[in-house]
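The following questions and answers concern salt bridges and a helix end. Please consult the sequence and the structure alongside them.

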Amino acid sequence: TLQQPISEVIRMTAKKMGRPPSEAPRTNRVMVRFNNQEFEKLDAYCAYHDISRAEAIRKGVLLLLEQK
């Protein structure tokens, strides 16, 4: 088998894999319960606009906060 010098192995393992860290990480979670009608309307909205449920709910919260 081919052996690599230890410095090469250390350099290879030092690289971080995955996504780069976000500038504004979303670390807070919220659990929400919907009745069937609300849930179906949310899913229909998300399918029509091609967005996730989380994104739709975030947009809804921002709209509420814009009202004064």
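A polar contact is a pair of N or O atoms within 3.5 Å. The model discussed here is predicted.

Q: Which residue caps the N-terminal end of H2?
A: The cap is a contact to the backbone nitrogen of glutamine 37, made by a side-chain oxygen at 3.1 Å. A polar contact requires N or O atoms within 3.5 Å, so this pair qualifies. The residue that supplies the side-chain oxygen is asparagine 35.

Q: How far apart are the end C-alpha atoms of H2?
A: Helix H2 has 14 residues, which at 1.5 Å a residue should span 20 Å. The model agrees with this expectation, the distance between the end C-alpha atoms being 20 Å.

Q: Which residue forms a salt bridge with arginine 53?
A: Arginine 53 lies in helix H3 (residues 53-66), and its partner lies in helix H2 (residues 36-49), 10 residues apart. The closest N and O atoms of the pair are 2.7 Å apart, and the cut-off for a salt bridge is 4 Å. The partner is partly exposed, with a relative accessible area of 26%. This residue is aspartate 43.

Q: Is arginine 58 buried or exposed, or in between?
A: Arginine 58 forms a salt bridge with glutamate 55, their closest N and O atoms being 3.1 Å apart. Both residues lie in helix H3, three residues apart. Buried means under 20% relative accessible area and exposed means over 50%. Because its relative accessibility is 31%, arginine 58 counts as partly exposed.

Methods:
Residues numbered from 1 in each chain as written. Predicted model: local features only at pLDDT ≥ 70, side-chain atom pairs only at ≥ 80, totals over all residues. Heavy atoms only, no water. Salt bridge = Lys/Arg side-chain N within 4 Å of Asp/Glu carboxyl O. Helix = DSSP H or I, 4+ residues; strand = E, 2+ residues; numbered from the N terminus. Buried < 20%, exposed > 50% of the residue type's maximum accessible area, 1.4 Å probe, protein only. Expected span 1.5 Å × (residues − 1). Polar contact = N/O pair within 3.5 Å; in protein donor to acceptor, adjacent residues only side chain to side chain.
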